[in-house]
Number of protein chains: 2
Amino acid sequence: MNLREFSEKLGLSQTTVSRALNGYPEVSEATRKRVQDAAIAHGYHPNQRAKSLATGRSMQIGHVIPVSIQHEMMNVVFADFIAGAGEVYGRNGYDMLMSVVSDDDEVKAYEELARKGSVDGFIVHGPTDDDPRIALLQKLGIPFFVHGRSTDVRVPYNHLDVNNKRAFVRATDFLLDLGHTRIGLINGLERMDFAQRRRHGYVSALRARGIEPDQSLMCSDEMTEPYGYKAAHDMLRKTRPPTAFVASSIVPALGIRRAIEDSGLKLGKDVSVICFDDAISYLPNGSGEPIFTATRSSVRDAGKRCAELLIDIIKEPPATPIAELWEAELVVGNSTGPAPAKD
Amino acid sequence: MNLREFSEKLGLSQTTVSRALNGYPEVSEATRKRVQDAAIAHGYHPNQRAKSLATGRSMQIGHVIPVSIQHEMMNVVFADFIAGAGEVYGRNGYDMLMSVVSDDDEVKAYEELARKGSVDGFIVHGPTDDDPRIALLQKLGIPFFVHGRSTDVRVPYNHLDVNNKRAFVRATDFLLDLGHTRIGLINGLERMDFAQRRRHGYVSALRARGIEPDQSLMCSDEMTEPYGYKAAHDMLRKTRPPTAFVASSIVPALGIRRAIEDSGLKLGKDVSVICFDDAISYLPNGSGEPIFTATRSSVRDAGKRCAELLIDIIKEPPATPIAELWEAELVVGNSTGPAPAKD
DNA sequence: CCGATTATTCAAAGCGCTTTGGAAATGATT
DNA sequence: AATCATTTCCAAAGCGCTTTGAATAATCGG
């Protein structure tokens, strides 16, 4: 059923029905009620395609996912981010358009989606240190919101980030306070902006205590479980093994724990582990007391907030770009303890 | 730039330009080339909203995600499924529309998306044993494809499923062959169709060897890591603890491993674990040799296949519904070994 | 060189909605 | 009762594309 048929059935003009349904004031409440009730009774829903052509808005937000980056960003964190953002979209009448593309086609995908008018705005995921997408989207003149930051992009842009550096300073300080001096860093891929900031936090915390970071105790890769295992396993076999690890996510931390136990050592006693915890819903950091001591920030809440802000921006572009920086909280679990006495 | 402006710039009619761009034969190759080159040069992309209104197709596939089911289905498996499906969509000119809704609104969401004409078809995720969505979508007359099965729905519908029962028969048989007789089942939520089939597989394998399943060794819940930990932890403290576990996913299996090690036992020696492995990209079951012995089937490949089949169905509805059943493969890792000798 | 084909191109009519500019009906004010 | 302001409703013009039906240009056999 379309608007013409529906309004004929009601004996009203298409204009009146449209206005009644869209909450315009030029229609009496009695008429509005009659129209709304009839719409429900007949299951009438305005055709979205026609509606968006007429209004010029698609009511869709674009998320472009480069297929190979999935390890680093998409999978672990992504599902929770999406859940948060999607909730907000739903409440505001928006839908989420997701486009999975090969890495080479990423920039093209943003451009096409924007030019085709398929979306009213974008969420930009997983920015690198010098992300070309920001300049592109600014050139295209379409609203967008970055989850994270891109250090080398000097023009302002809307974004929300966790204070990754501070979080890693705190995590490293926590271990230093416990007397650890050989601390391994199991980081994410260095091309990701967040990974660089985390490393800076780790390095500057060490230097603040007069400890020169040891390159052989720092590594970076896709944040999988086996990566955490292998990196920790190798480091633990060094002549001067670390007594503690800082990990970029709970996923490699699980691998680190496995490596520790495989080596016959005890987590939180012989070797301490602290990680960044995105509060992933299906990998909760314990129920009740945390498994890992961690610096935590909910990626799902970040998804919600990014969505809210992007929708605001679409409705009314802000005079100056929005920038939010969230502090991670420190939660203490059983994976950390005093550095073992030197023999 | 719109079609009118673009075609004026070329000195051609809108018809000719449209046909040139859409590959219709009524236009000379010379003209087509000229139009295509100009489109690239000027960055012209036909407005998708207008296009879909004119053609009556949205070129979007809907995925409805009930927000609270995320633990069970969305998170772990979902990201990989989406990556597979999204790849296929991209290749075929489709986009993915994702709608995150509260559980109560799930059915309504399908109906609205269909009635509004926002999507040309749906992928149905995580069917329960008697899933109402199948009847609804059939009533709405919109193409859809189910990932999984719904046992109690007797009418045929398009679907692809893993042979969950067989996979769990094989997993349980594998443990029985190793001499285990007390085997715990750490299953997913029972309302999910796959969880029931898996339990049936487990139970029938035991009965085939004359072992009556012990209710106290069977549990079902959302498949998180802490759930696996708690369930295994509790079972291991029984007077007659299990010597092996069958787990529904690698995520609770990680928790089971933690519980085993916490109890001072050795995985693959004192206690064996076998799990179902969806081949999740960021939780790979080891690199090289598998961490867990498992029955494996790639959920990403399933996503690809479901997308391909749905697109075929949209293009041309099949005379009889499509049904594919995939067998999981058994991969042997280090998490299983002979049952310890009784004392 | 002409009428019949065939290859190109075009004008105009939708697709189903929103929204502008008015008209009709109602109520308030003199 | 006449005037004016409000309220309520409507006809018609887009939104930017595809596609039908028709016109024109090019090609060909005789």
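Which element gives the largest share of the surface near DNA strand C? In this predicted model, the answer is H4(A), with five residues. Let's look at that surface, and then at how the two protein chains meet.

**Around the DNA**

There are 25 residues around DNA strand C, and those that come nearest are Asn2(A), Leu3(A), Ser18(A), Ala54(A) and Ser13(B). Both protein chains take part through helices: H2 (14-21) and H4 of chain A, and likewise helix H2 (14-21) and helix H4 (48-55) of chain B, each supply at least two residues of this surface.

**Where the chains meet**

The contact between the chains draws on 50 residues from chain A and 48 residues from chain B. On the side of chain A that touches chain B, the elements giving two or more residues are helix H4 (48-55), helix H5 (74-91), strand S2 (95-101), helix H6 (106-115), helix H10 (225-236) and helix H11 (250-262). Of these, H5(A) provides the largest share, 11 residues.

You will also find strand pairing here. S2(A) is joined to strand S2 (residues 95-101) of chain B by three bridges, and the two run antiparallel. In this pairing, Met96(A) stands opposite Met98(B) in S2(B).

**What the two surfaces are made of**

Here is how the residues of each surface divide by class.

| Surface | Nonpolar | Polar | Charged |
|---|---|---|---|
| Side of chain A that touches chain B | 23 residues | 18 residues | nine residues |
| Surface near DNA strand C | nine residues | 13 residues | three residues |

Helix H4 of chain A is worth finding in your viewer: H4(A) gives two or more residues to the side that touches chain B, and H4(A) also supplies five residues of the surface near DNA strand C.

Methods. Residues numbered from 1 in each chain as written. Chains lettered and ligands numbered in written order. Predicted model: local features only at pLDDT ≥ 70, side-chain atom pairs only at ≥ 80, totals over all residues. Contact = placed C-beta atoms within 7 Å. Helix = DSSP H or I, 4+ residues; strand = E, 2+ residues; numbered from the N terminus. Nonpolar A, V, L, I, M, F, W, Y, C, P; charged D, E, K, R; others polar. Pairing = 2+ DSSP bridges. Near = placed C-beta within 6 Å.
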